[in-house]
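Trainee: I'd like to learn how to read a structure like this one. Could you take me through it feature by feature?

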Amino acid sequence: METPDQIRDRLLARFPGASVAVVANPGPAAQHSLLLGSGEARAMAEFLRDSPGLRLDFCSNVTGVDWLDREVTDVASKTIPDPAGGPPKLVEQRTKRLQPGYLEVVYHLYSVELRHGPVVLRLRTGNRSDRVAVPSLTPVWRSCEFQEREVFDLFGVVFDGHPDLRRILMWDEFKDHPMRKDYVEPDDYEWEPTPHADVLAKARRHYPAAAPAAKEEPAP
Amino acid sequence: MSFSLPSPLESAPGARVRAVRDPFHGDLLEVSMGPHHPSTHGVFRMNVTLDGETVVKLKPVFGYLHRNHEKIGENASYLGSMPYTDRLDYLCSMTNNWAYALAVERLSGQTVPERAEYLRVILAELTRLLNHTCFAGFILQDCGASGTPLMYAFREREKILDLFESLSGSRMMCNFQRFGGCRADATPEWLEAARALVDGYGEFEELLTGNEILMARTQGVGRLPAKLAVGAGITGPMLRASGVGYDLRKVDGYGVYPRLDFRVPVGADGDTYDRYMVRVLEMRESIKILRQALGTLPGGPVMDPKARLRGFRAKPGEVYSRIEGPKGEIGFFLISDGGPNPYRYRVRPPSFINLTVLEDLCLGHSIADTVVILGSIDIVLGEVDR
């Protein structure tokens with residue numbers, strides 16, 4: 001099978017303005033991946049599926065990864081001449097900067113027809129805010145349908161163009177995205193507002209003196 | 001509490017609504033099948049819209065058994081996740097263990113002794129026998145043969161579970177594979193018992209395959225075309241029943257499968273009967289594999305002496321690794337940042353993804369066929385909901 005570098009070159013030859021980069025995997029498995037820009041991701045995915053040498057007709061696995069903000073240290077070495085006339089000194093300058101986090105969606109593609117794979121695709125969002133979107137690849141591979149819904153549910157990535165983007169594992173009224181790294185569990189998952197709480201609050205407003213010491217209901 | 005009936009325009013693509021709200025046929029009826037329904041194999045719900053008895057729309061609802069397995073995996077050490085993998089597909093803990101152990105071995109570049117590779121193949125094929133036996137029992141239960149076939153299936157299954165118990169200490173939650181080998185070695189008595197089991201297996205199947213009721217209920221029901229199956233990520237016996245001979249034991253050739261002689265059965269029609277038949281044929285191939293593996297099991301250790309389990313750390317990197325489980329491709333995607341826990345731990349659950357086409361298979365069939373079609377997909381909710 002072609003290497004990720006060859007696939008990138010083919011994609012760039014077909015889509016000249018697109019952004020494609022190879023993300024190296026330092027581990028022993030050496031499954032390097034292709035980072036696609038969101039703009040033409042779907043057209044590139046269709047090309048990968050239909051192009052004769054690749055025929056990646058089977059999208060096996062779709063998942064999300066949450067990368068938090070990271071503090072990165074840049075090391076720059078500088079040569080400083082010695083004013084006393086000795087040999088120049090090599091000084092390392094360390095500067096810290098904050099690399100903003102992002103959410104990433106990873107696709108593992110195989111070819112059933114040609115029996116090769118995996119080719120790993122990655123799509124990244126710009127930041128980790130609430131409504132961050134990447135293009136949906138469900139129109140290209142139907143197998144992404146439930147898995148993209150799962151990524152939307154658990155990570156909060158919105159897939160543009162998904163035919164039926166709803167929560168899948170958590171219930172519809174659930175607010176947060178539990179697979180994010182900074183997710184904080186609620187005190188009580190099963191808390192829900194009841195009419196009883198409304199009645200108590202009303203009683204407190206009307207009879208402040210008689211009402212018991214105000215015990216706030218926990219926030220949902 | 002109010003719910004509105006869907007208008008016919010909202011029906012799923014491909015649905016043919018024959019007559020809606022005319023005096024003869026009446027309105028569409030929305031039925032919530034499950035989560036407490038005996039045919040849903042657990043807590044699984046289908047929101048079915050019916051025109052008379054015909055399904056015109058079907059939306060599966062998951063999550064009743066959701067415990068965020070992946071988050072637990074990210075907060076546990078590599079070894080600590082191994083017992084949790086038993087609970088994914090709780091009929092097939094041995095193959096779940098193997099899939100996870102293999103993923104970690106590929107992440108860290110470990111190798112496994114020869115004897116452990118053979119033992120893994122033996123245990124995986126026993127698991128496949130066990131799963132497909134239960135499948136045959138369940139699908140007859142779904143056809144309405146109440147109790148008896150299932151009890152016969154469970155009698156056969158119990159023999160395999162006895163083997164698992166004597167080897168690993170637990171019938172179903174085996175927790176047996178480790179990174180770099182297996183937790184315990186098989187004794188000569190165990191191997192003898194396994195050989196005896198393999199030789200006596202298969203009596204049960206003779207009762208079923210020619211069964212007229214089974215044929216009448218399953219032939220031509222829930223056809224899955226090959227192109228849709230590949231596009232929708234269907235794997236395992238369900239894909240092969242549609243005529244695509246894609247078996248990871250042959251394609252990826254992991255373990256010692258390339259050295260063993262077996263064939264990959266494929267179906268012709270892709271209907272429910274083919275999904276049943278492919279599994280029966282696969283059981284025969286599994287018995288062939290078991291005979292060969294039990295006959296040529298080499299000596300030696302079952303655990304790499306250099307393997308480190310406690311305090312295991314993998315070098316930074318990532319891996320996606322998959323094996324052919326009894327229900328389909330079970331894969332693990334792991335990202336290591338060098339720490340004691342995986343940074344990202346993802347399970348690719350075969351029966352969850354096989355449910356993608358449930359609606360396509362059921363449209364136009366009666367609600368009783370829905371039950372049989374769901375049974376032929378062979379789901380386990382521990383894995384679907386994770």
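Mentor: Sure. Keep in mind that this is a predicted model. Let's begin with a sheet in chain B: 3 strands form an open sheet, ordered β6-β7-β8, and the pairing is antiparallel.

Trainee: Which strands of that chain B sheet stand at the edges?

Mentor: Those are β6 (317-324) and β8 (344-348) of chain B; each has a single partner strand, so one side of each is left without a neighbour in the sheet. From one strand to the next, the twist averages 10°.

Trainee: What holds strands together in a sheet, in general?

Mentor: Strands of a sheet pair through backbone hydrogen bonds, and the pairing is either parallel or antiparallel. Here, β7 (residues 329-336) of chain B is joined to β8(B) by 5 bridges, and the two run antiparallel. If you want one spot to look at, find F333(B), which sits opposite R346(B) in β8(B).

Trainee: Now chain A. What is the strand order in its 5-stranded open sheet?

Mentor: The order is β1-β2-β7-β6-β3, and the pairing is mixed. At the edges you find β1 (20-23) and β3 of chain A, each pairing on one side only. Ignoring direction, neighbouring strands of this sheet are turned by 25° against each other on average.

Trainee: How many bridges join β3(A) to β6(A)?

Mentor: There are 9, with the strands running antiparallel. One pair to pick out is G64(A), whose bridge partner in β6(A) is V105(A). On to the next pairing: β6(A) and β7(A) are also antiparallel, over 7 bridges, and S111(A) has H116(A) in β7(A) as its bridge partner.

Trainee: Which helix lies across strands of chain A?

Mentor: That's α1 (residues 4-14) of chain A, which lies across β1, β2 (33-36) and β7 of chain A and runs at about 175° to β1(A).

Trainee: Let's talk about burial. Is V112(A) buried or exposed?

Mentor: The trick is to count neighbours: 20 or more other C-beta atoms within 10 Å makes a residue buried. V112(A) has 22, so it is buried. You'll find V112(A) in the loop between β6 (102-111) and β7 (116-124) of chain A.

Trainee: What does V112(A) touch?

Mentor: Leaving out residues up to four places away in sequence, V112(A) touches D57(A) and F58(A), plus V230(B), V244(B) and Y246(B) of the other chain. V112(A) and F58(A) are 54 residues apart in sequence, yet their C-alpha atoms are 6.3 Å apart in space.

Trainee: Where else in chain A should I look at backbone angles?

Mentor: Try the same loop first. R115(A) is in the loop between β6 and β7 of chain A, and this residue has a positive phi of about 60° although it is not a glycine. With 13 other C-beta atoms within 10 Å, R115(A) is partly exposed. Then go to R55(A), in the loop between α2 (41-50) and β3 of chain A; R55(A) has a positive phi of about 50°, and it is not a glycine either. R55(A) has 17 C-beta neighbours inside 10 Å and so counts as partly exposed.

Trainee: How many residues of chain A are in contact with chain B?

Mentor: 29 residues of chain A are in contact with 36 residues of chain B. On chain A's side, β3 (58-67) and α3 (144-155) each supply at least two residues, and β3(A) gives the most, with 6. By type, the chain A side divides into 16 nonpolar, 9 polar and 4 charged residues.

Trainee: Why is β3(A) described as largely enclosed?

Mentor: Because 9 of its 10 residues are buried, β3(A) is largely enclosed by the rest of the structure.

Trainee: Last one: how do I read helix packing?

Mentor: Look at the angle, the axis distance and the residues that meet. In chain B, α6 (residues 188-200) and α12 (residues 272-295) pack at about 150°, with their axes 10 Å apart. That angle makes α6(B) roughly antiparallel to α12(B), and their crossing is left-handed. L191(B), A194(B), R195(B) and V198(B) in α6(B) meet I287(B), L290(B), R291(B) and L294(B) in α12(B). The residues of this contact are 6 nonpolar, no polar and 2 charged.

Conventions
Residues numbered from 1 in each chain as written. Chains lettered and ligands numbered in written order. Predicted model: local features only at pLDDT ≥ 70, side-chain atom pairs only at ≥ 80, totals over all residues. Helix = DSSP H or I, 4+ residues; strand = E, 2+ residues; numbered from the N terminus. Buried ≥ 20, exposed ≤ 12 C-beta atoms within 10 Å, placed from the backbone. Contact = placed C-beta atoms within 7 Å. Pairing = 2+ DSSP bridges. Axes fitted to C-alpha atoms, helices over the stretch in contact; angles between N-to-C directions. Parallel < 35°, antiparallel > 145°, perpendicular 65-115°, else oblique. Left-handed = near helix turned anticlockwise from the far one by under 90°. Nonpolar A, V, L, I, M, F, W, Y, C, P; charged D, E, K, R; others polar.
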